[in-house]
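Visitor: I should like to understand how the terms used for a protein model are justified. Please take me through some examples.

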Amino acid sequence: DEELVIRPLHSGDIYASFQFRTVWDTDFMGGKKVSHYRLFPKSLGQVISKFSVRELHISFTQGYWRTMQWGQPFLPSPPGAELWVWFQDTVTDVDGTWKELTNVLSGIFCASLNFIDSTNTVQPSASFKPLGIGNVTDHRFLRYATLPREIVCTENLTPWKKLLPCGSKAGLAVLMKSEKLFHSSFHSQAVHIRPVCQDWQCKSTSWELRQTLNVVFDLHSSGQGKREWSLFKMFSRTLTEACPLASSSKIYIDVTDNPQGEQFELSPATPLLSQAVVLGDRRTYSVYDLTQQATFGSMRSLNMLLRWKSSDGECDMMRPLLHGERYVAGYGLQTGEIHTLMYNHHPYRAFPVLLLDTVPWYLRLYIHTLTVTSKGKDNKPSYIHYQPSKDRVRPHLLEMLVQLPPNSVTEVTVQFERALLKWTEYTPDPNHGFYVGSSVVSALVPSVVAMDTNSTQERPLFSSFFPSKEESSYFVRIYTEPLLVNLPTPDFSMPYNVICLTCTVVAVGYGSLYNLLTRTFQVEEPSPGLAKRLANIIRKMRGVPPL
Amino acid sequence: MAAPLTLLLVVAVTIRAALFRSSLADLIAERVEVVSPLNAWKRVVEGLALLDLGISPYSGDVFHETPLIIYLFHFLVDYAEITFMVSRKFVSSVLLESPRLCFRKQKYALEADRYPLDCLELIRSPKEMYYIPLKVAMFYLLNPFTILSCVAKSTCGLNNAVIALFILCTIKGSALLTHTLSLCLHHYPASFLFFLSFRLYIPVNIRRPSFWWYTLQYAFMYLGSLFVIICLSFFLLGTWDFLPSVYGFILSVPDLTPNIGLFWYFFAEMFEHFRLFFLCVFQINVFFYTIPLSIKLKEHPVFLIFMQLAVISIFKSYPTVGDIALYLAFLPVWSHLYRFLRNVFLVSCVLLACSALFPVLWHLWIYAGSANSNFYYAITLLFNVAQILLVSDYFYAYLRREYHLTHGLYLKRKDGSEATLVLK
């Protein structure tokens, strides 16, 4: 299946989200070797079988998703690279398997995931529950790592596109041209693999691979300031055909704010409309079905155009109910404070959120300074799981379940101390700073609209990613900003000098004590001065008695 | 004697109480010269907080104290300030006792007639010696280093208290008792205690069987008390985690937080290939002077204690000003050496200047960003050189006084002119 969702944002930008779903009917749990891949990419299939992976989620993101201006994304992702994996319970050495897996994935995606090691991997105990079926919840088999410094570029896009069944030759993948995709405010590509039920009785499972690409095009840099978007303007391509291997291929345009066409005009018009409940809101979409030949019209190509009628009249966007921010406070290079703010914009409902913080070991957190305040009063978390860091071995892990009161801001502060590292442990540009990965806020947000819990009905892909178990709430995961923290640096040009000078001081101590320990006092017969000595030499030569 | 002492105590307590209540207390508690990763109060509180959360304090890398400290502060955490002040008073009172006792012994030496007559001016009169304990107490209590260390609530104060108690017990002669206490310290003193009290008042005669019997008894008691302390620490928390976290931490120096010692920058700039080698060299350097010093100073145990304390304070892996204050407190005991000291002016000027420059250069490096780590490192080097000069100067003066005591004060050469004395 493939689909593209285009959602105009209130700030004039436009959000395009591609999703490609490949289902592979095979069963790994039995331990049989598989060789028939069909549409599933062979590299990922081999990865799953070799490393006994149950779920794999990897994302590469450039830019930060601005929740307050753009609303909630369909699939959240933190800046940089993020990888979290659930292994099957047959794995005996999870850490070793994790290390090999990261190296293999860095080869597949041409990304430097080999920087993931024990110093930035954690085992969350409560967040990141499995998104697929299966009830293994022993968090020994879960590993989570982020690389906030990772940059996404064309070299990462190309292998990602190669994993698609049609490649980039047919279907929606034709639109993915890197020169336009990376000229955007936000770009995120992800791969999610998980086991799903084949039918509603769930007698057998199959593997689902979802590849997603989220892009936000900026009004002024890509749109040249004119509020008029078309496929050609966004992607510099138009669509000519659907992927022949796709069972469904659709484009959804969000027209909820435009019921009678008074805000913008959509051409070519399409009669198909569908409604879906996504992110707690009922939205209406115009649908273009690419498997129908009629969609392409007489010119055999589809180039949709959204033209806004007037430049004013911004109507209210529904405020996202949950929002997070994070920053570093303090001055100087010795100490600091991390402040995480969580906003609950629901007018009357309070709900609990799970906050996951991974802080590298060189920022030493002092957990006795942890304070959680809501509306000025102390708010004690009901569950705290803290794993302190070990120098150069593992990072800090802090997980808390906090109840957010309605219509409030909750502030979590914790103090830290900056460590001085060995000179070889700094990056080549040490004064740029060190990145701290985003905090993850996971919550079941109460929804005003009843969510659809029926999981087998045909639904658009974008609304079926996070399984919703109950009707009154939907799952939301928010990533805060990554932090950039400066550490005190030694002088990198000085190793030899430092060794010499320090050894000199130690030698001064050694020398004076050695002198005093091994020598004794004696009365000195003073030797005559230089002039006298010379005179004596001359006298000796003359044969005259000395002075 | 009691009145000036009481006055001194009152003044010291007032100063500390005033500083505790002011906003300077937080500022001082964060200074790297005063606290180190081994004895910072913030880390003790953190360890207790981790224990409350149900996590072992040694599972992370923040807490490096022995479990006995946890045990102590679990109950005393609210009275921390009072605890530290009490430990200060304890140290000072102990320090009072030790010179008094050691001079009592020296008085007997006075009565011996083996000194030549012109050395009378070298020997101290009882009147001088009367005031020395008070001077020692004053040096310790009113030393800015001790005041800073106490206000910062660094556990260095407790360590100093135990060391002082050890010294007192050693001088009194009941050295065996103190090992159990001194083993609470996870620091270097554990090394020299063994040699110290061993050599103290026991005539070393290898052939005598009683000597070996005493050695055996002593070693057994030492090992026994060591074992008891370690097992007690184990049972407090149920894990052996504290061994690498406390002792392994001191020996392997993984935390490179700047302090006034020589280790941090050296190992921050060390080539990885040589790290283990230089670590061993530096740690051996601390213990290296024990045997030579105890051979040279076997008749002068109190001075040996002083020298050992000083050497360990200078060369240990995480020194703080509290450690320096302890050996500086002993200086009035050797005030009669003043005439033989060569570098007093230089050393005192350098120490004062460095103490003033430490906070300045730290601020410039960390907060203002206009200096870099080399400035602070240079002052560290200078401070340590000054301390080494001070210690070796006192050693020189002590040895010279001993020479004069046996050979007469005004030395004449064979032809009658004034002689000079050199080390050969």
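**Terms and their evidence**

Guide: In strand S22 of chain A, the bridge partner of Ser374(A) is Thr410(A). This is a predicted model, in which local features need pLDDT of at least 70, side-chain atom pairs count only at pLDDT 80 or more, and totals for chains, interfaces and linings use all residues. Residues are numbered from 1 along each chain as its sequence is written, chains are lettered from A and ligands numbered from 1 in the order in which they are written, and side-chain values use heavy atoms, leaving out hydrogens and water.

Visitor: How do you know that S18(A) pairs with S22(A)?

Guide: Two strands pair if DSSP finds at least two bridges between them; a strand is a DSSP run (E) of at least two residues, a helix one (H or I) of at least four, both numbered from the N terminus. Antiparallel S18(A) and S22(A) (residues 408-418) are joined by 8 bridges, so the definition is met.

Visitor: What makes S18(A) largely enclosed?

Guide: Buried means under 20% relative accessible area, exposed over 50%, and partly exposed in between (1.4 Å probe, protein chains only). Of the 12 residues of S18(A) (363-374), 9 are buried, so the strand is largely enclosed by the rest of the structure.

Visitor: Which strand stands opposite Ser374(A) through Lys377(A)?

Guide: That strand is S19(A), joined to S18(A) by 2 bridges and antiparallel to it. In their hairpin, with 2 residues between the strands, Lys375(A) takes a positive phi near 55°.

Visitor: Why are S5(A) and S12(A) called edge strands?

Guide: In chain A, 11 strands form an open sheet with mixed pairing. S5(A) (121-122) and S12(A) (273-278) each pair on one side only.
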